[in-house]
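Open your viewer, switch to a cartoon view, and keep the selection box handy. We will go from the whole chain to a few helix pairs, and then to single residues.

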Amino acid sequence: MFASHIMNMKSESMKYTVKEKEKEWIRREVHHLYHDCDVNCASTMLHCLSVLFSMPVSDDVFASALGMHGAGYYRAQCGLVEGTLMFIGLYGWKIGSSRDEIVSLCYGFAEAFEKEFSSLRCRELRPGGFSESDPPHLCENLTVEAIIFSYGYLRLQFS
């Protein structure tokens with residue numbers, strides 16, 4: 001399977017350039033979702049990708065992401081990764097990708113995210129952890145950068 005993963009992925013040197021207008025929308029939307037709606041990182045990623053790819057996501061799917069912010073504060077896999085992996089499955093299935101193609105794309109995304117951000121784990125991306133004294137939504141800037149990265153990466157892979 002890993003050989004087919006490598007053969008099916010778009011060249012790492014190719015990058016999709018996210019437009020400034022899209023980046024600005026992402027910044028505003030993340031701020032709104034975090035500060036006005038108190039949405040977690042996984043749901044924020046899932047929402048933004050669903051809008052950017054014009055693919056509605058059901059309330060049931062959003063409900064499944066409620067505890068996916070570092071595994072409910074456990075600080076395991078980052079919710080930004082989890083939200084993207086959920087979206088890859090949903091969108092890939094919608095456009096007719098096979099199970100193997102979806103799994104391969106998830107692998108490639110995790111590998112690329114780890115290379116870009118140095119980790120997939122919340123405890124490493126947010127070393128201070130979670131405490132009552134933290135300002136709200138400490139990961140807001142990371143979320144914006146991760147959504148821009150994920151959107152660009154997926155635009156290239158799904159093109």
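Colour the chain from the N terminus on and you will read the elements of this predicted model as α-α-α-α-α-α-α-α-α. In total the secondary structure comes to nine helices and zero strands. Now switch on a surface: of the 159 residues of the protein, 46% count as buried. If you like contact maps, take the contacts with a separation of 6 or more; residues 24 or more positions apart account for 73% of them.

**First stop: helix 3 and helix 6**

Select residues 41-52, which are helix 3, and residues 79-94, which are helix 6. At what angle do the axes of helix 3 and helix 6 cross? The crossing is at roughly 40°, and the axes come within 7 Å. The two helices are therefore oblique to each other, and their crossing is right-handed.

Show side chains at the contact. On the helix 3 side, pick Cys 41, Ala 42, Met 45, Leu 46, Leu 49 and Ser 50. These meet Gly 79, Leu 80, Gly 83, Thr 84, Met 86, Phe 87 and Leu 90 in helix 6. Colour this contact of helix 3 with helix 6 by class and you get nine nonpolar residues, four polar and no charged.

**Second stop: helix 6 and helix 7**

Keep helix 6 selected and add residues 99-117, which are helix 7. Here the packing angle is about 155°, with the axes 10 Å apart. That makes helix 6 roughly antiparallel to helix 7. Look along the pair and you will find that helix 6 passes helix 7 in a right-handed crossing.

For the contact, select Val 81, Thr 84, Leu 85, Ile 88, Gly 89, Gly 92 and Trp 93 of helix 6. Across from them, choose Arg 99, Ile 102, Leu 105, Cys 106, Phe 109 and Phe 113 of helix 7. How do the residues of the contact of helix 6 with helix 7 divide by class? They are nine nonpolar, three polar and one charged.

**Third stop: helix 2 and helix 9**

Next, select residues 20-36 for helix 2 and residues 140-157 for helix 9. Their axes come within 10 Å and cross at roughly 135°. Helix 2 and helix 9 are therefore oblique to each other, with a right-handed crossing.

From helix 2, the contact takes in Glu 22, Lys 23, Ile 26, Arg 27, Val 30, His 31, Tyr 34 and His 35. From helix 9 come Glu 140, Thr 143, Val 144, Ile 147, Ile 148, Tyr 151 and Arg 155. By class, the contact of helix 2 with helix 9 has seven nonpolar, three polar and five charged residues.

While you are here, zoom in on Arg 27, in helix 2. At 33% relative accessibility, Arg 27 counts as partly exposed. Draw a C-alpha to C-alpha distance from Arg 27 to Glu 145: the two are 8.9 Å apart in space and 118 residues apart in sequence.

**Fourth stop: three loops**

Move to the loop between helix 2 and helix 3, where Asn 40 lies. Is Asn 40 buried or exposed? Asn 40 is buried, with a relative accessible area of 13%. Its C-alpha is 9.9 Å from that of Gly 83, although the two residues are 43 apart in sequence.

Next, find Ser 54 in the loop between helix 3 and helix 4. Check its backbone: phi of Ser 54 is near 50°, a positive value in a residue other than glycine. Ser 54 is exposed, with a relative accessible area of 60%.

Then go to Ser 118, in the loop between helix 7 and helix 8. Phi of Ser 118 is near 75°, again a positive value in a residue other than glycine. Ser 118 is exposed, with a relative accessible area of 63%.

**Last stop: the cysteines**

Show the cysteine sulfurs. How many disulfides are there? The count comes to zero, and the rule behind that count asks for a pair of sulfur atoms within 2.5 Å. Select Cys 78 and Cys 41: the closest cysteine sulfur to that of Cys 78 is in Cys 41, but at 5.3 Å it is too far for a bond. Cys 78 counts as buried, at 5% relative accessibility.

Finish with Cys 139, whose closest cysteine sulfur is in Cys 122, 5.9 Å away and too far for a bond. Cys 139 is buried, with a relative accessible area of 17%.

Technical notes:
Residues are numbered from 1 along each chain as its sequence is written. This is a predicted model: local features need pLDDT of at least 70, side-chain atom pairs count only at pLDDT 80 or more; totals for chains, interfaces and linings use all residues. Side-chain values use heavy atoms; hydrogens and water are left out. Buried means under 20% relative accessible area, exposed over 50%, partly exposed in between (1.4 Å probe, protein chains only). Axes are lines fitted to C-alpha atoms, for helices over the stretch in contact, and angles run from 0 to 180 degrees between N-to-C directions. Helices (H or I, at least four residues) and strands (E, at least two) are DSSP runs, numbered from the N terminus. Angles under 35 degrees count as roughly parallel, over 145 as roughly antiparallel, 65 to 115 as roughly perpendicular and the rest as oblique. A crossing is left-handed if the near helix is turned anticlockwise from the far one by less than a right angle, and right-handed if clockwise. Contact means heavy atoms within 4.5 Å. Ala, Val, Leu, Ile, Met, Phe, Trp, Tyr, Cys and Pro count as nonpolar, Asp, Glu, Lys and Arg as charged, and the others, Gly among them, as polar.
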